[in-house]
Amino acid sequence: MNKKSGKKICLTIIIQEKNIILKSDKIFNFLLNGKNLLLMQNRCVNIIAHLFNAPLGDSDAAVGVGTVGSSEAIMLAGLAFKRKWQNKRKAEGKPYDKPNIVTGANVQVCWEKFARYFEVELKEVKLREGYYVMDPVKAVEMVDENTICVAAILGSTLNGEFEDVKLLNDLLTEKNKETGWDTPIHVDAASGGFIAPFLYPELEWDFRLPLVKSINVSGHKYGLVYAGIGWVIWRSKEDLPEELIFHINYLGADQPTFTLNFSKGSSQVIAQYYQLIRLGHEGYRNVMENCHENAMVLKEGLEKTGRFTIVSKDNGVPLVAFSLKDNKRHDEFEISELLRRFGWIVPAYTMPADAQHITVLRVVIREDFSRTLAERLVLDIQKVLHELDTLPAKVNAKLAMAEEENAQNGIVKKSALETQREITAYWKKYVSERKTNRNKIC
């Protein structure tokens, strides 16, 4: 968010925390009125629902709620799917004690939390080298009569890639016809929900697909709001079981509520509403186009070094995920560590099963990440590469070679503790020598 917007939100937070009502300021009196805040939330839900092409009439109100990030949104969507599946199984006189959900192994950890907390089996489609998102064909093959939904990711955390929701919808429609099931789809658009409508409006991933029953999106990612706000939108009232909604009236009027926690700050809702009406469709499109252009600048700069393989896709979340073409001497974790000296925090991580042998670095391009910063990052990465070229091979590589020689000579392999101690001793010696050399007077 820009500085002016940020100051307004900070002031709102201060007012909330101190419980002060500025009677002389009509704006803040309006913001501190609970009914008005609920109205803002409902307007945000309607705006986002229309953005996702929800099938709403002119007088229809969208079904959705603001949440504490996409994690809570996913929990709520998952609960709705589970309860609707259970109700149908009960009505048919069939067992309803073994629900499962099908996802890719690339899902964010909140899906694993949902499965564990609410006792739902998580069936993951494994990844493979070169294909780091859920394969729709394999996903549909894993669907059975106990599947409450298939979760597709619009903007994978690992490489920003959009999963093929359209193909998943078509394949699942055919399977539902063959089996008589009605397995639905949930789209986790935490990262891509505020990108696809503006950069790829023709892409069919949302409520234009009949099996998509709910979508979540994070306002604090590309919704351009500070951390702590998410949204979940349902296709229609029929997709949210009524028994999950609570009604209260002790705050002055009947208020339906469907959240995991009741009390939460309202500043992020105000911020989201402000951004939606201030920027509008054109403003959001301009921001996303700028992010995409800067991502391409970074990608092209990395490709010119000749040292990296780009793992991310051009069409997706504006981020660049990349790995070393040759990591025998030095790996991505070392690059991540050395970049910290230049002020960059670039995470390095391994891919999930069955691609865990692939290590990746990732840079997410946000609104305030300019072209100048992209060019500077490329220069700093080149400096790191040059420094690594002058250093001895990484310790793990040396130990692996030593173990291989020992095995050939019949020497007993060292334990994990002994190996770790040897690594620690080596690095202590190496760091000590570098400090000594720096302190020498020429």
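1. Rings of Phe, Tyr and Trp are taken to pair if their centres lie within 6.5 Å, and in this predicted model such ring pairs link Phe194, Phe198 and Tyr284 into a cluster. By this rule the count comes to eight aromatic pairs. One of them is the pair of Phe198 and Tyr284, which is stacked, with 5.5 Å from centre to centre and 15° between the planes. Phe198 belongs to helix 8 (residues 196-199) and Tyr284 to helix 9 (residues 267-305), so this pair ties together parts that are 86 residues apart in sequence. Both partners are covered: Phe198 is buried at a relative accessible area of 7%, and Tyr284 counts as buried at 1%.

2. A further aromatic pair, that of Trp344 and Phe369, is tilted, with 6.3 Å from centre to centre and 50° between the planes. Trp344 is placed in the loop between helix 10 (332-339) and strand 12 (348-350), while Phe369 is in the loop between strand 13 (359-364) and helix 11 (371-390), so that the pair ties together parts 25 residues apart in sequence. Here too the partners are buried, Trp344 at 11% relative accessibility and Phe369 at 10%.

3. Turning to the whole chain, a reader new to the structure may start from its secondary structure, which comes to 13 helices and 13 strands. The protein has 442 residues, of which 49% count as buried, and it exposes about 23100 Å², with carbon and sulfur atoms supplying 53% of that area. Where contacts join residues at least 6 apart in sequence, 67% of them join residues at least 24 apart.

4. In what order do the seven strands of the open sheet lie? The order is 1-7-6-5-4-2-3, and the pairing is mixed. Strand 1 (63-67) and strand 3 (121-125) are the edge strands, each of them pairing on one side only, and the twist from one strand to the next averages 20°. Strands of a sheet pair through backbone hydrogen bonds, either parallel or antiparallel. Strand 2 (residues 100-104) and strand 4 (residues 147-153) run parallel and are joined by three bridges, and within this part of the sheet Asn100 stands opposite Thr147 of strand 4.

5. Helix 4 (residues 69-91) packs on the sheet, where it touches strand 1, strand 4, strand 5 (185-188), strand 6 (212-218) and strand 7 (230-234), and its direction makes about 25° with that of strand 7. Helix 7 (residues 165-179) lies across strand 4, strand 5 and strand 6, and runs at about 170° to strand 5.

6. Between strand 4 and helix 7 there is a loop that holds Ser156, and this serine is buried, with a relative accessible area of 2%. If neighbours within four places in sequence are set aside, Ser156 is in contact with Asn106, Tyr132, Val133 and Glu161. Another serine, Ser323, is placed in strand 11 (residues 319-324) and counts as buried at 10% relative accessibility. With neighbours within four places in sequence again left out, the contacts of Ser323 are Arg307, Phe308, Thr309, Val311, Glu332, Thr359 and Val360.

7. Two arginines deserve a look beside tyrosine rings. The charged end of Arg128 sits over the ring of Tyr131 at 4.5 Å from its centre, and that of Arg366 sits over the ring of Tyr222 at 5.6 Å from its centre.

8. Some backbone details remain to be checked by eye. Which peptide bond from Ala353 is cis? The bond is the one leading to Asp354, with omega near 0°, and Asp354 has its place in the loop between strand 12 and strand 13. Asn53, in the loop between helix 3 (34-51) and strand 1, has phi near 60°, a positive value in a residue other than glycine. Leu224, in the loop between strand 6 and strand 7, likewise has a positive phi, near 70°. As to cover, Asn53 is partly exposed, with a relative accessible area of 33%, whereas Leu224 counts as buried at 6%.

Technical notes: Residues numbered from 1 in each chain as written. Predicted model: local features only at pLDDT ≥ 70, side-chain atom pairs only at ≥ 80, totals over all residues. Heavy atoms only, no water. Helix = DSSP H or I, 4+ residues; strand = E, 2+ residues; numbered from the N terminus. Buried < 20%, exposed > 50% of the residue type's maximum accessible area, 1.4 Å probe, protein only. Contact = heavy atoms within 4.5 Å. Pairing = 2+ DSSP bridges. Axes fitted to C-alpha atoms, helices over the stretch in contact; angles between N-to-C directions. Phe/Tyr/Trp six-rings, centres within 6.5 Å; stacked < 30°, edge-to-face > 60°. Lys NZ or Arg CZ within 6 Å of the ring centre and 35° of its normal. Areas by Shrake-Rupley, 256 points an atom, 1.4 Å probe, with all protein chains shown as cover.
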